[in-house]
Amino acid sequence: MIGYLCSLVILVFAACIAQQFVPVFMSLYEARILILPLVFLCSAVTVNAGPMLLLAFICGFLWDAQHLLGPPGGHPQVYTEPVEMMMFGYSIVLYAAMGFLMQGIQPLFREGKWPVSAALSGVAIFLYLTAEFLLITFVRGDFMVTRGVVMKITLSSLLSMLLSPLVFWVLFKLAALFRHTIRYEGLKTNRRVYTG
Amino acid sequence: MKPLNLVALLLFVGGLVWALTLSERSVREIQSMYYATISKFQRGGSEVESTARAFLKEVEHSRDLEMRLDAIEQEFGKLRALEPRLRQLEIENNELLAALDFKERTQFKVTAARVIKRQPATWWSSVTIDRGRDADIAPHLPVLASGGLAGKVDLVGPNTSTVILLTDESCQVSVQVAGTAEVGILSGQRGQYGEAPLLRLRYLTKDAQIRPGMKVITTGRGGLFHPNILVGTVEAFEPGAFDGEAFVKPSVDFQNLSIVFVTSKTDQEQKETPE
């Protein structure tokens, strides 16, 4: 388990580096493939709650370190209503919430139904981006949902979801390498049937 | 709940509280360390992105090239006929510029930088440039581009920096509508993707005499931007109950931003202070 968890932490750092190489699709409403969230979501379904929280903390920390904006600057007499900035660490909460969502379908995943998890990773990214946008809206005010925002969230989720089989393939390889059991095929046949 | 999970949850909450209560300075230090580590990969990523973009562009435009060549040849013929008139206008323009002391007012010490990554963050309108602390870049320095003001420096790494663009709502600029006494705060608008962005100019008087096509320039107030930098042109004006609001088309082409100019620290220090 420890070996597998360490490999997941390394995989998360590798995903963070890989994210730098992924271009933004400017013509598709600036949609992007979110490798780091995807790796986290796929990993979350293969581990228990404790390791998932550790991964959520690392991913959220790295995400905020990369994306958070600094203070707006300028003299307060002139810039009387500066735009509110997000607090460092908010992504950790969002990652943990999405991680728990993925853990909800862990029994299906352990039965070998990984395509359900792959589809849910897309849904989770959609929810993650929506939650992030709503949080920004809540902090800054002026609620507005444009077609551009909806398209950006949807396309980013779909593009990221397409990569999830590849991430699951890597996870299965790592699990085999470290002899960690993430799939119990036995559950398929040993399920109890209650006849009343 | 299993005891191990409870311990994990408590540790997570502890870590979360620590992260959420970090001071601004600590956050900046963490981000600086992060960017120092990741900048090598950002440059690598930039090369991949540039190659991919160049390839796509070439494929996209190869069919149009022949048609364009014909059109250009026709245009060339027309332009040759206009050349003597243009020369005369150029002389007149130089004389007028000298009279306005234009050069004196717009001469900034600048550092040229290449945009190495577009829109690195999901929700902020920003770019990453290939100049950082090593080139004397500092936070909040104004960034210019062909056409006018492009934004300001946000985060500075050893050899890369993040520039928050004018199209982001957090980049506020004190501006004036040229030829009027109207001053206001200009910023980008949230949720503008896949379209030509319009900037929002707020706090104008409700009965301001503002017409589409009027130029918008920086006032220099507020300690962030130099005065008299072109920002854009007014597209529309909407009077409200208490104040007016205008929508401004930026003078910089943000879709094709590739080279920017960061003004120097000394220029920043000499800027006008708030009144």
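Analyst: Happy to walk through this with you! Two strands count as paired if DSSP finds at least two bridges between them. Keep in mind that the model is predicted.

User: Thanks! How many bridges join strand 1 of chain B to strand 2 of chain B?

Analyst: These two strands run antiparallel. Within the pairing, B:Lys117 of strand 1 is a good place to look, as it stands opposite B:Thr128 in strand 2 of chain B. The number of bridges joining strand 1 to strand 2 is three.

User: Strand 1 of chain B also pairs with strand 12 of chain B. Which residue of strand 12 stands opposite B:Val110?

Analyst: Strand 1 covers residues 110–118 and strand 12 covers residues 259–263 of chain B. They pair in the antiparallel sense, over five bridges. Opposite B:Val110, in strand 12, stands B:Thr263.

User: What are the helix and strand counts of each chain?

Analyst: Chain A has nine helices and zero strands, and from the N terminus its elements read α-α-α-α-α-α-α-α-α. Chain B mixes both kinds of element. Its tally is four helices and 12 strands.

User: What percentage of the residues in chain A is buried?

Analyst: Chain A has 196 residues, and its C-alpha trace spans about 70 × 40 × 35 Å along the principal axes. In chain B, with 275 residues, buried residues make up 34%. For chain A the buried share is 41%.

User: How many of the residues in helix 2 of chain A are buried?

Analyst: Helix 2 of chain A runs over residues 35–44 and is mostly covered. Among its buried residues are A:Leu36, A:Phe40 and A:Cys42. The buried residues of this helix pack against several others in chain A, including helix 1 (2–19), helix 6 (114–140) and helix 8 (164–177). The count of buried residues in helix 2 is 10 of 10.

User: Which helix of chain A gives the most residues to the largest nonpolar core?

Analyst: That core has 107 residues, and those with the most contacts inside it are A:Leu36, A:Ala56, B:Ala150 and B:Val260. In soluble globular proteins, nonpolar side chains tend to be buried together. The top contributor to this core, with 12 residues, is helix 3 (residues 49–67) of chain A.

User: B:Val260 is one of those well-connected core residues. Which residues does B:Val260 contact, leaving aside its neighbours within four places in sequence?

Analyst: B:Val260 falls within the span of strand 12 of chain B, residues 259–263. One of the contacts, B:Ala150, is also among the residues with the most contacts inside the core. The full set is B:Ala113, B:Val115, B:Ile129, B:Val143, B:Leu144, B:Ala145, B:Ala150 and B:Val163.

User: Where the two chains touch, which element of chain B gives the most residues?

Analyst: The contact takes 51 residues from chain B and 45 residues from chain A. Helix 1 (3–20), helix 2 (24–100) and strand 4 (148–156) of chain B each supply at least two residues of the chain B side. By class, that side divides into 25 nonpolar, 17 polar and nine charged residues. The element giving the most, with 14 residues, is helix 2 of chain B.

User: And inside chain B, how many residues does helix 2 give to the side of domain 1 that touches domain 2?

Analyst: Domain 1 of chain B covers 30–107 and domain 2 covers 110–275. In their contact, 11 residues of domain 1 meet nine residues of domain 2. The domain 1 side has two nonpolar, six polar and three charged residues. Helix 2 of chain B gives the most to that side, and its number of residues is 10.

User: A:Tyr29 has a positive phi without being glycine. Is A:Tyr29 buried or exposed?

Analyst: The phi of A:Tyr29 is near 55°, and the residue sits in the loop between helix 1 and helix 2 of chain A. A residue with 20 or more other C-beta atoms within 10 Å is buried. A:Tyr29 has 21 C-beta neighbours inside 10 Å, so A:Tyr29 counts as buried.

User: What about B:Asp136: what is its exposure class?

Analyst: B:Asp136 also has a positive phi, about 65°, and lies in the loop between strand 2 (126–129) and strand 3 (142–145) of chain B. The partly exposed class sits between the cut-offs of 12 or fewer and 20 or more. Because B:Asp136 has 15 other C-beta atoms within 10 Å, its class is partly exposed.

How values were computed. Residues are numbered from 1 along each chain as its sequence is written. Chains are lettered from A and ligands numbered from 1 in the order in which they are written. This is a predicted model: local features need pLDDT of at least 70, side-chain atom pairs count only at pLDDT 80 or more; totals for chains, interfaces and linings use all residues. Two residues are in contact if their C-beta atoms, placed from the backbone, lie within 7 Å. Ala, Val, Leu, Ile, Met, Phe, Trp, Tyr, Cys and Pro count as nonpolar, Asp, Glu, Lys and Arg as charged, and the others, Gly among them, as polar. A nonpolar core is a set of buried Ala, Val, Leu, Ile, Met, Phe, Trp, Tyr and Cys residues joined through C-beta atoms within 7 Å. Domain bounds come from an automatic or database domain assignment.
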